[in-house]
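Me: I should like to understand how the terms used for a protein model are justified. Please take them one at a time.

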Amino acid sequence: MSVGTVYQAKVRPFETRRLEGGRWACLSPVGEVAFLDAQILELLRTAPEEVDGDLRQCLKAKHFLTSSASTPGLDRLYASRLAEKAATAAGPPALHILVPTLQCAHSCQYCQVSRALDAQGFSMSQNEMLAACDTIMASAAETLTVEFQGGDPLNRFDLIQLAIEALAHHPARQGRAIRFVIASTLHQLTGQMCSYLRQYDVKLSTSIDGPAWLHNKNRPLPTRDSYARTLQGIELARAALGPDSVSALMTTTHHSIEYAEAIVDEYVALGLQDVFIRPLSPYGFAKRNLAYLGYSTQDFMRFYKRAVDRVLWWNGQGVAIREAYAGLILNKLISSFDAGYVDLQSPNASGRAVLVYNYDGWVYPSDEARMLAETGDTSFRMGAIGTPLEALLSCDVSSRIADQGDASGDPDCSACAFKSHCAPSPVDAAALAQGGHAAPTRETEHCRRQTAMFDFWLNRLGDVEGRGDTQTADLLARWAQPNSMAGAS
Ligand code: SF4
């Protein structure tokens, strides 16, 4: 007698995506994936009680199937896993990005922020910094991440210190953990700065675009030594703050696209445990220089595949290194716990999970929104720094993002298999706007990139499962865990 004749099997909601080769990936919103042939998928949809016993148990364990009988324990577990996956988007703002200054010595062609070190009017005032700290502390988040970005924030170390002191000793802190991160070239880092940073366990995040010749090409200095100077900064920080005090990420330009293996090898040589293979962000100056620096999504994905294969090869040699973008995508697909990556939430979490306090005195919902403002579109300003947090969270920009950043209300996203993990980016749509009309979601860089990355990793997971490669499956499951996602903002 079939179990199904006693209790009807009930199918929980899931999405499907066709893989190369014809199999299907089934995606559960709680962070599970199952790979099925078309026939079995059809059976699961139409007569789930007839799915083979072992597979049925597996699909139950992964929350694709449940029983029509009362299962309060399982239902509670399912509800708590759904809530856990939505925690970042639904919670109070936990990530706060402070941009003390736009000053930076580099003149990177893909960056909108470079300003000469002696330029005036490109830094926050002390009062604005203190007001931003009050807003941060008004958030109810149990753990706060405060990230200093720029320009190069170390050019205004006085403002960094002002903020750290104000936050660390703020009356509203009430024992909450604050994780401080400074994103910097590290060229200005000194031993004295390190002594101060050690007191507050401040982490450093820097950029390494690859071997010296490539890094220097992407990040030019008049002295042509940006790689050597960043390396000096890394060594100084490691000696003073510990071996794990510095993480690094890279930006891919068309100069990089043929050198995937050399870039990964550089990270291994530097003893870095994460390499974040990031595509160019087409904002501001980068957009203007796109013809010179850009490449197609297909070119990027070919480059990305080579980089991932090289990372896995190093893992096979016993070297612990992870590709961080993979970690973020796999976290969405196959982990119960959300890593808190604010760029990949459903609904879009810009201006709620993250707030950006910019050198120009305004609060923005995301890094991209402040970059858009640099090229003249200031429509994503949420309010002046000093505006109370409740007012920021209920401002017109917040309503616009809630409205336009909801996958269920977007015709492209509502038909998309990834809508539990991803949502439209209103800032991206505005960046591509023509004649006052925002671009359709499918045309946005955000959508193209995330679709390509989800597809890549679903195919890779399906392939690993199909080959019975448990070693790689275990490795990828570890990458998916939300630990050490430094620099993931
Ligand atoms: S933005 Fe694109 S990838 Fe993301 S949910 Fe919408 S359609 Fe899917």
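**The sheet, a helix pair and the ligand shell**

Reply: In this predicted model, three strands form an open sheet, ordered β2-β3-β4, with antiparallel pairing.

Me: What makes β2 and β4 the edge strands?

Reply: The strands β2 (15–18) and β4 (32–36) each pair on one side only, and they are therefore the edge strands. From one strand to the next, the twist averages 25°.

Me: How do you know that β3 and β4 are paired?

Reply: Two strands count as paired if there are at least two bridges between them. Five bridges join β3 (residues 24–28) to β4, so the requirement is met. These two strands run antiparallel, and W24 stands opposite L36 in β4. In general, the strands of a sheet pair through backbone hydrogen bonds.

Me: Why is the crossing of α5 and α6 called right-handed?

Reply: The axes of α5 (residues 126–138) and α6 (residues 157–168) come within 9 Å and cross at roughly 35°. A crossing is called right-handed if the near helix is turned clockwise from the far one by less than a right angle. The crossing of α5 and α6 is right-handed, which means that the near helix is turned clockwise from the far one.

Me: Which residues of α5 and α6 meet, and what is their character by class?

Reply: From α5, the residues Q126, M129, L130, C133, I136 and M137 meet L159, L162, A163, A166 and L167 of α6. This contact comprises 10 nonpolar residues, one polar residue and no charged residue. Leucine, methionine, isoleucine, alanine and cysteine count as nonpolar.

Me: What makes up the shell around the ligand?

Reply: By class, the shell has eight nonpolar, four polar and two charged residues. Of the 14 residues around the ligand, C413, C416, K419, C422 and C447 come nearest. Lysine counts as charged and cysteine as nonpolar. Helices α18 (411–414) and α20 (445–466) each supply at least two residues of the shell, and the largest share, four residues, comes from α20.

Me: How confident is the predictor, in pLDDT, across the chain?

Reply: The mean pLDDT of the chain is 91, on a scale from 0 to 100, and 92% of the residues reach 70 or more. Over residues 1–5 the pLDDT is below 50, and this stretch has five contacts beyond near neighbours in sequence. Residues 484–489 also have a pLDDT below 50, with 21 such contacts in the model.

Technical notes
Residues are numbered from 1 along each chain as its sequence is written. This is a predicted model: local features need pLDDT of at least 70, side-chain atom pairs count only at pLDDT 80 or more; totals for chains, interfaces and linings use all residues. A residue is near a molecule or strand if its C-beta atom, placed from the backbone, lies within 6 Å of it. Axes are lines fitted to C-alpha atoms, for helices over the stretch in contact, and angles run from 0 to 180 degrees between N-to-C directions. Two residues are in contact if their C-beta atoms, placed from the backbone, lie within 7 Å.
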